[in-house]
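Please open the model in your viewer with side chains shown as sticks, and keep the selection panel at hand. The tour below proceeds stop by stop, saying what to select and what is to be found there.

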Amino acid sequence: MKHILYFTAEWCNPCKRTKPIAEELDRENVIKFQFIDADDNGDLCRKFEIKAIPTFILIEDNKEVRRMNGAKTREQIEDFINNE
């Protein structure tokens, strides 16, 4: 099953702009997001080598397909999901 690991933090301004978009896409069942607070999940951040937030990691069949960093528009996130 395809889903997105979304690494974020409460203090991160780009995250504050992007998180509502991710929440909306999740609510609309466009794709399932797993919201991960980077401050509370250091082990996961190390496992996925998170260097910047926000970071979106597309997971398919339990494998990382691709990743994207930084604040994005809804259209950019949808393009990322659809591999455009």
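Select arginine 74 and glutamate 28 to begin with: their side chains meet in a salt bridge with an N to O distance of 2.6 Å, the term standing for a side-chain nitrogen of Lys or Arg within 4 Å of a carboxyl oxygen of Asp or Glu. Arginine 74 belongs to helix 3, whereas glutamate 28 sits in the loop between helix 1 and strand 2 (32-37), so the pair ties together parts that are 46 residues apart in sequence. Helices here are DSSP runs of H or I with at least four residues, and strands are runs of E with at least two, both numbered from the N terminus.

Before moving on, note that this is a predicted model, in which local features need pLDDT of at least 70 and side-chain atom pairs count only at pLDDT 80 or more, while totals for chains, interfaces and linings use all residues. Residues are numbered from 1 along each chain as its sequence is written, and side-chain values use heavy atoms, with hydrogens and water left out.

Colouring by accessibility is useful at this stop, with buried meaning under 20% relative accessible area, exposed over 50%, and partly exposed in between (1.4 Å probe, protein chains only). Glutamate 28 counts as partly exposed at 43% relative accessibility, and arginine 74 is likewise partly exposed, at 25%.

Keep arginine 74 selected and add glutamate 24, whose side chain meets that of arginine 74 in a salt bridge of 2.5 Å, N to O. Glutamate 24 lies in helix 1 and arginine 74 in helix 3, so this pair ties together parts that are 50 residues apart in sequence. With a relative accessible area of 31%, glutamate 24 is partly exposed.

Now widen the selection to the two helices themselves. Helix 1 (residues 13-27) and helix 3 (residues 74-81) pack with their axes 10 Å apart and at an angle of about 55°; the axes are lines fitted to C-alpha atoms, for helices over the stretch in contact, and angles run from 0 to 180 degrees between N-to-C directions. That angle makes helix 1 oblique to helix 3, in a scheme where angles under 35 degrees count as roughly parallel, over 145 as roughly antiparallel, 65 to 115 as roughly perpendicular and the rest as oblique. To see which residues make the contact (heavy atoms within 4.5 Å), select Thr18, Ile21, Glu24 and Leu25 of helix 1 together with Arg74, Ile77 and Glu78 of helix 3. By class, this contact of helix 1 with helix 3 has three nonpolar, one polar and three charged residues, where Ala, Val, Leu, Ile, Met, Phe, Trp, Tyr, Cys and Pro count as nonpolar, Asp, Glu, Lys and Arg as charged, and the others, Gly among them, as polar.

Go next to helix 2 (residues 42-47), where arginine 46 and aspartate 43 both lie, three residues apart, about one turn of the helix. Their side chains meet in a salt bridge of 2.5 Å, N to O. Arginine 46 is exposed, with a relative accessible area of 58%, and aspartate 43 is exposed as well, at 59%. Returning to the earlier stops, salt bridges that share partners join Glu24, Glu28, Arg74 and Glu78 into one network, and a search of the whole structure finds six salt bridges.

The backbone deserves a stop of its own. Select the peptide bond from isoleucine 53 to proline 54, which is cis, with omega near -5°; proline 54 is found in the loop between helix 2 and strand 3 (55-60). Then centre on asparagine 29, which has a positive phi of about 60° although it is not a glycine, and which lies in the loop between helix 1 and strand 2. Asparagine 29 is exposed, with a relative accessible area of 67%. Aspartate 61, also not a glycine, has a positive phi of about 55°; aspartate 61 is found in the loop between strand 3 and strand 4 and counts as exposed at 57% relative accessibility.

Two further selections complete the tour. Glutamate 64, in strand 4 (residues 63-69), is in contact with Phe48, Ile57, Leu58 and Ile59, leaving aside its neighbours within four places in sequence. Aspartate 39, in the loop between strand 2 and helix 2, is in contact with Ala9 and Trp11 when neighbours within four places in sequence are again left aside.
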